Amino acid sequence: MMIKLIGIPYDKNSSFLRGPALAPPKIREMDVSGSANRFSESGVELIQGKNYIDLGDLNCVEDDSKVAFNKIKNSISNNLDPEARILSIGGDHSISYPIIEAHVSRYPDLHVLQIDAHADLYEDFEGNPHSHASPFARLLEKGLLGSLTQVGLRSMTTHLNEQAKRYGVSCIEMKALNFDFVRELKGPLYISLDLDAIDPAFAPGVSHHEPGGLSSRDVLKIIHDIRVPVIGADIVELNPNRDLNNVTAMLAYKLFKELAAKMINN
Ligand SMILES: [Mn+2]
């Protein structure tokens, strides 16, 4: 299986701070920094040209949402083929809407695992239906997902609880965290990984610091323990402006390797 890496430097739908548009080159920098090898913990060596190719970044930094979302959806659709899996590097979380929508046209019964501090189910956020707080509301209102499971949540509101109930979302909140859900995930599975799911002690380079999160190891364990086919993934919300000594960028790079290895092994 070939992994296609696509950078999507788009952060215009961030509600609080800009910065995630700077993430794709920062994560690639970790790859060539000399600090880490290219093996996943599961023993897969990532070799460019052999099991992954880097397609570079989309040219969408300054586009408005509609134009950017169309470019993203078309790019993902054009690059999907039965022998490839796409790993997208964001960008803020709004980009997962067009990315996942494109995947659904190839995998009609697609299930999604969202690893996130936030449910991202707002009908709109401060008037913006394309906000990074709303991508999963857009996907669910179109009836596009077979199921949505969210883990890492620790910022629920009355509205978000209502939305989760309305759309039948499985919410695993941090206050009641356990990992039983991993065995119940259905495939084909898409993983949307918002780095703010991880505690700011491990991942300070995100726009929204929400204490009480997952550890780096928790997320690695979730990825390793998934038993259904993973057919696509994104890593979003790295904000290099907030990072400390590239700690979060290196975590994003490690999670990239583990997600890629998981998809190569499927
Ligand atoms: Mn989030």
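Let's start with contacts between residues at least 6 apart in sequence: in this protein, 77% of them join residues at least 24 apart. Please keep in mind, everyone, that this is a predicted model.

Now the overall build. The protein has 8 helices and 8 strands. Its radius of gyration is 17 Å, and the globule rule gives 18 Å for 266 residues, so the protein is as compact as a globular protein of that length. If you like to think in boxes, the C-alpha atoms fill one of roughly 45 × 35 × 35 Å along the principal axes. And of the 266 residues, 47% are buried.

Let's move on to the strands, beginning with β1, residues 2–7. Which strands does β1 pair with? One is β3, residues 84–89, which runs parallel to β1 and is joined to it by 6 bridges. Within that pair, look for Leu5, which stands opposite Leu87. The other pairing I want to show you is with β2, residues 52–57, again in the parallel sense, over 4 bridges. There, Lys4 stands opposite Ile53. To get from β1 to β2, the chain passes through helix α1, residues 23–31, and this β-α-β crossover is right-handed.

As you look at these strands, one general reminder: in a regular strand, side chains alternate between the two faces of the sheet.

Stay with α1 for a moment, please. How do α1 and α8 cross? Their axes come within 9 Å, at roughly 75°. That angle falls in the range of 65 to 115 degrees, and the two helices are therefore roughly perpendicular to each other. Helix α8 covers residues 247–265. On the α1 side of the meeting we have Lys26, Ile27, Met30 and Asp31, and they meet Ala249, Met250, Ala252, Tyr253 and Phe256 of α8.

Next stop, β4, residues 111–115. Is this strand enclosed or open? Here 4 of the 5 residues are buried, so β4 is largely enclosed by the rest of the structure. β4 pairs with β5, residues 147–153, in the parallel sense over 5 bridges, and His111 stands opposite Ser147 in that pairing. The chain travels from β4 to β5 by way of helix α4, residues 135–141, in a right-handed β-α-β crossover.

β4 also pairs with β7, residues 189–194, in the parallel sense and over 5 bridges. For a landmark there, find Val112, which stands opposite Tyr190.

That's my tour, friends. Thanks for listening!

Terms used. Residues are numbered from 1 along each chain as its sequence is written. This is a predicted model: local features need pLDDT of at least 70, side-chain atom pairs count only at pLDDT 80 or more; totals for chains, interfaces and linings use all residues. The radius of gyration is taken over C-alpha atoms; the globule rule is 2.2 Å times the number of residues to the power 0.38. A residue is buried if 20 or more other C-beta atoms lie within 10 Å of its own, exposed if 12 or fewer, and partly exposed in between; C-beta atoms are placed from the backbone. Two residues are in contact if their C-beta atoms, placed from the backbone, lie within 7 Å. Two strands pair if DSSP finds at least two bridges between them. A crossover is right-handed if, with the strands pointing away from the viewer, the path from the first strand over the helix to the second runs clockwise. Axes are lines fitted to C-alpha atoms, for helices over the stretch in contact, and angles run from 0 to 180 degrees between N-to-C directions. Angles under 35 degrees count as roughly parallel, over 145 as roughly antiparallel, 65 to 115 as roughly perpendicular and the rest as oblique.
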